[in-house]
Amino acid sequence: MACMSVLTRDEAQTRAQLLDVHHYHVDLDLTVGEETFDSRTLIRFSVRTGQDGTDTFVELKPAELRSATLDGQPLDPARLDRNRLPLTDLAPGEHELRLDAAMRYSRTGEGMHRFTDPSDGETYVYTQLFMEDVQRVFAAFDQPDLKAVFDLTVKAPEGWTVLTNGIAEHTGGGAWKAATTPPLSTYLVAVAAGPWHSVRTEHRGLPFGIHCRRSLAPHLDADADEILDVTRACFDRYHEKFEEPYPFDSYDQAFVPEFNAGAMENPGLVTFRDEFVYRSAVTDTERQTRAMVIAHEMAHMWFGDLVTLRWWDDIWLNESFAEYMGYQTTAEATRFTGTWTEFGLSRKSWGYDADQRPTTHPVAPEAVDDTASALLNFDGISYAKGASALRQLVAWLGEKDFLAGINTHFRRHRFGNATLADFIDSLASATDRDVHAWAQAWLRTTGVDTLVPTVRADHGDWHLDIAHRGSSGTWSAPDAAKDRDGLKHAGSLTPGGGTRPHRITVGVYDHDLHDAGRLTLRTRVEADVPATGGAGISAGGPRPALLLLNDGDLTYAKIRFDAESFRTVRENLSGLPDPLSRTVVWNALRDAVRDGELAPDVYLETARAHLPRESDLALVEAVLSFARVHIADRCLAPGQRPAALATLASVCRDLIRRTEDGDHPGLRLIAVRHFIDVAAHPDTIAAWLADGTVPGGPELDPELRWRVLARLAVLGATDESAIAAELERDPSASGQEGAARCRAALPDPDAKRAAWEAMFVSDDLSNYLFTATAQGFWQPEQADLVAPYVARYYADAVALSARRGPAIAAAAGRYAFPAHAVDAEHLRLGRACLREDDPIPALRRKLDDQLDDLARALRVREAGRTGERAEPGEPEETAARSGV
């Protein structure tokens with residue numbers, strides 16, 4: 001933004017060579033008003049010998065800088081330039097810097113966020129200091145490799161509890177003093193203050209606590225045993241894996257309102273979005289996700305907090321490891337053993353999509369120039385692709401050597417900072433394998449490899465050849481080109497980087513002799529597919545019905561099918577015995593639709609045939625979501641959408657009928673939710689709302705009531721009076737968001753105008769209310785009504801983002817983007833904005849990604865009009881005969 005200076009890598013390296021930062025004392029006063037709080041900071045640091053006349057700066061983003069002194073001498077507050085206060089002509093040796101400032105509370109989830117609960121009027125504040133937002137709370141030398149010890153005191157209103165990174169003591173009169181921390185990076189300091197409802201216990205001699213706002217107390221209490229059981233189990237499992245013990249004095253988990261991320265790994269005080277305190281019915285998969293997030297953030301206590309990246313080009317050292325460890329440890333230590341299925345469906349697809357866009361980057365980029373660029377890399381590549389790479393590393397290296405390398409890394413760098421090179425050296429000390437070459441192939445390249453099978457059968461034997469198609473990068477213009485395997489495409493794929501080696505398992509399946517719908521596993525065969533060339537497998541016996549590459553999902557690559565295997569998939573997908581195997585198949589079909597190789601209606605037909613027999617909750621949720629959002633709303637022309645919604649409604653009805661016995665409440669809940677979302681006529685769901693229940697259950701809890709009302713709003717079957725009545729029934733923060741979503745969804749010009757002004761003109765909406773309004777605004781059913789806003793979106797989003805900053809910019813790019821408008825004119829407008837309007841980096845990245853997805857949807861639609869699509873893996877002539 002024009003009013004900010006972002007820190008560059010070169011500036012950070014220079015400052016790290018000049019300074020050692022020893023100690024912060026931060027004093028916060030949260031009692032001075034509703035708009036600002038007081039922040040006083042004392043920083044003790046030293047300038048290294050041989051650095052005479054050093055010039056540097058400290059960062060601060062105040063409402064008002066009242067005073068600053070360096071070694072007792074006053075500094076002119078007027079010298080604060082944007083967010084930097086110059087420190088000039090520093091002599092070698094010790095220095096003491098004091099700053100006194102008024103700081104603004106945030107409504108966007110950045111810095112010190114302030115929230116007043118509409119349920120009871122209670123107020124809560126918490127910090128989110130990630131990347132460069134510590135400057136919104138106190139002055140700091142704000143870069144991860146200038147670690148220091150922190151002492152923190154907080155004055156809060158009487159009756160509040162103050163939570164911090166360490167044990168905090170109430171000293172009277174609303175004053176709290178936190179225990180001195182070990183060395184921390186500035187972005188990891190945390191405060192959460194308010195009249196929290198708390199559940200406290202002790203484990204292995206350490207105080208543990210979980211906390212939420214008072215209005216959610218009954219819901220936290222209902223789940224407290226589960227949350228604490230997961231916490232203890234993961235804590236114990238990490239102590240079995242890691243030689244270094246948990247490095248902090250306590251472990252608190254605070255579920256906080258209007259949180260932008262899923263959670264944040266502040267040492268000793270993890271903050272979570274408080275949607276994880278469930279006030280309505282949820283599925284076991286959603287509970288599993290909460291457990292995984294708990295495990296993910298706890299892994300950060302070692303990966304990120306104990307040992308921290310030196311600069312933001314090594315984000316993967318934090319996020320990829322926490323992602324891998326979160327899924328693996330949840331599966332090992334808790335009742336939630338199906339985590340890798342959910343990872344394959346919801347996280348891995350996130351990585352595949354991100355890695356095929358123009359904005360792709362390596363897991364470990366060689367250089368990230370500044371903090372604004374770094375913020376963009378917290379994406380599906382740094383999380384999902386990085387975790388997939390680590391899973392592949394464990395498959396190749398073995399878990400024993402992997403953990404030995406990790407423990408060496410912790411021992412060498414505890415309470416310090418490390419780089420990719422440091423980590424690879426630690427791994428290399430534990431194995432004879434060439435981990436440096438592995439890192440170059442997996443962490444320094446971009447793109448998704450595609451593994452393509454060719455199968456031959458003769459004289460009672462069968463032979464499988466596995467070839468790389470090459471890394472999938474960005475799409476060229478549609479030209480109906482033929483790839484090397486003879487498939488037709490709506491556009492040819494341009495390689496997006498070098499290929500990499502893969503260790504995979506090939507599943508060999510036969511038709512079940514006693515059940516025509518089922519498949520039985522004959523064997524699984526391990527195969528190493530080199531970075532260049534391919535691999536082959538030969539075996540005796542009849543040709544298998546299905547050869548499934550990457551069975552078990554141990555590598556990161558798209559897969560395709562030979563023609564016979566694809567026929568088996570279409571007829572017998574639900575008959576595969578392992579949900580993780582079915583995940584690999586469904587992901588392959590999803591990728592093929594996005595790549596223009598599989599007609600969307602074939603995906604829908606496959607869903608219609610197999611979802612009614614599916615038992616895995618994560619699979620049903622993922623397939624229905626992709627079919628509705630990506631296929632019905634984007635990939636199909638508007639005239640085809642009603643039939644697609646009817647197909648999905650039919651699937652949901654079948655699932656609802658199947659679960660009438662009450663034995664599958666999670667499956668029934670998913671089916672009910674999606675039936676509401678695809679309803680083309682209001683009668684059935686309006687009757688549910690009037691009755692307060694679905695016949696045979698479930699009863700409509702607040703989440704389901706708002707969901708029904710939102711769909712009725714889209715269909716023009718409700719009005720403002722009904723929304724107001726529902727809000728009176730549920731005046732909670734979630735109810736406020738539900739009402740905002742419903743009001744924005746009403747098919748009325750005045751409602752659309754009011755929603756648009758609330759999002760893009762007034763600047764009054766919090767981050768969550770902005771998102772809810774945006775989610776309601778664009779509806780495919782209302783394309784004509786909202787058409788004038790498509791052109792307005794770009795200029796208004798650019799201006800809004802410049803005013804309100806990265807968090808709102810990301811929400812504007814993700815939720816307020818008119819994704820339903822799949823047409824060439826929209827694509828032209830978006831590309832013109834990127835060329836001419838200079839959006840801030842957070843918005844530019846979202847627009848780049850959204851426009852790439854829009855271009856893909858256009859190509860899929862064009863391929864549907866021309867009929868130039870083959871089944872994935874089928875030879876061209878076979879596809880032509882099949883009529884697909």
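The exercises below concern salt bridges and backbone geometry in a predicted model.

**Exercise 1.** Find which residue D20 meets in a salt bridge, and state what parts of the chain the pair ties together.

Solution.
- Step 1: The side chain of D20 meets that of R48 in a salt bridge, with an N to O distance of 2.7 Å. This lies within the 4 Å cut-off.
- Step 2: D20 belongs to strand β1 (residues 19-29), while R48 sits in the loop between β2 (36-47) and β3 (54-59), so the contact ties together parts 28 residues apart in sequence.
- Step 3: R48 has a relative accessible area of 33% and is partly exposed. D20, at 28%, is also partly exposed.

**Exercise 2.** Decide whether R524 and D551 are buried, partly exposed or exposed, after locating the salt bridge between them.

Solution.
- Step 1: The closest N and O atoms of R524 and D551 are 3.0 Å apart.
- Step 2: R524 is in strand β27 (residues 519-529) and D551 is in the loop between β29 (546-548) and β30 (558-559), so the salt bridge ties together parts 27 residues apart in sequence.
- Step 3: Buried means under 20% relative accessible area. D551 has 2% and counts as buried, whereas R524 has 38% and is partly exposed.

**Exercise 3.** Describe the salt bridge between R273 and E275, and classify both residues by accessibility.

Solution.
- Step 1: The side chains of R273 and E275 meet at 3.4 Å, N to O.
- Step 2: R273 has a relative accessible area of 22%, which is partly exposed. E275 is partly exposed at 35%.

**Exercise 4.** State how many salt bridges the structure holds, and name the residues of a network of them that includes R845.

Solution.
- Step 1: The structure holds 74 salt bridges.
- Step 2: The network links R845 with D353, R357, D379, R590, D591, R594, D849 and D853.

**Exercise 5.** Locate M131 and F415, non-glycine residues with positive phi, and the cis peptide bond at P698.

Solution.
- Step 1: M131 has a phi of about 70°. Its place is the loop between β9 (123-128) and β10 (149-155), and M131 is buried at 4% relative accessible area.
- Step 2: F415 has a phi of about 60°. It is found in the loop between α8 (399-413) and β21 (417-418). At 19%, F415 falls under the 20% cut-off and counts as buried.
- Step 3: The cis peptide bond joins G697 and P698, with omega about 5°. P698 lies in the loop between α17 (683-691) and α18 (702-714).

Note on methods
Residues are numbered from 1 along each chain as its sequence is written. This is a predicted model: local features need pLDDT of at least 70, side-chain atom pairs count only at pLDDT 80 or more; totals for chains, interfaces and linings use all residues. Side-chain values use heavy atoms; hydrogens and water are left out. Helices (H or I, at least four residues) and strands (E, at least two) are DSSP runs, numbered from the N terminus. Buried means under 20% relative accessible area, exposed over 50%, partly exposed in between (1.4 Å probe, protein chains only).
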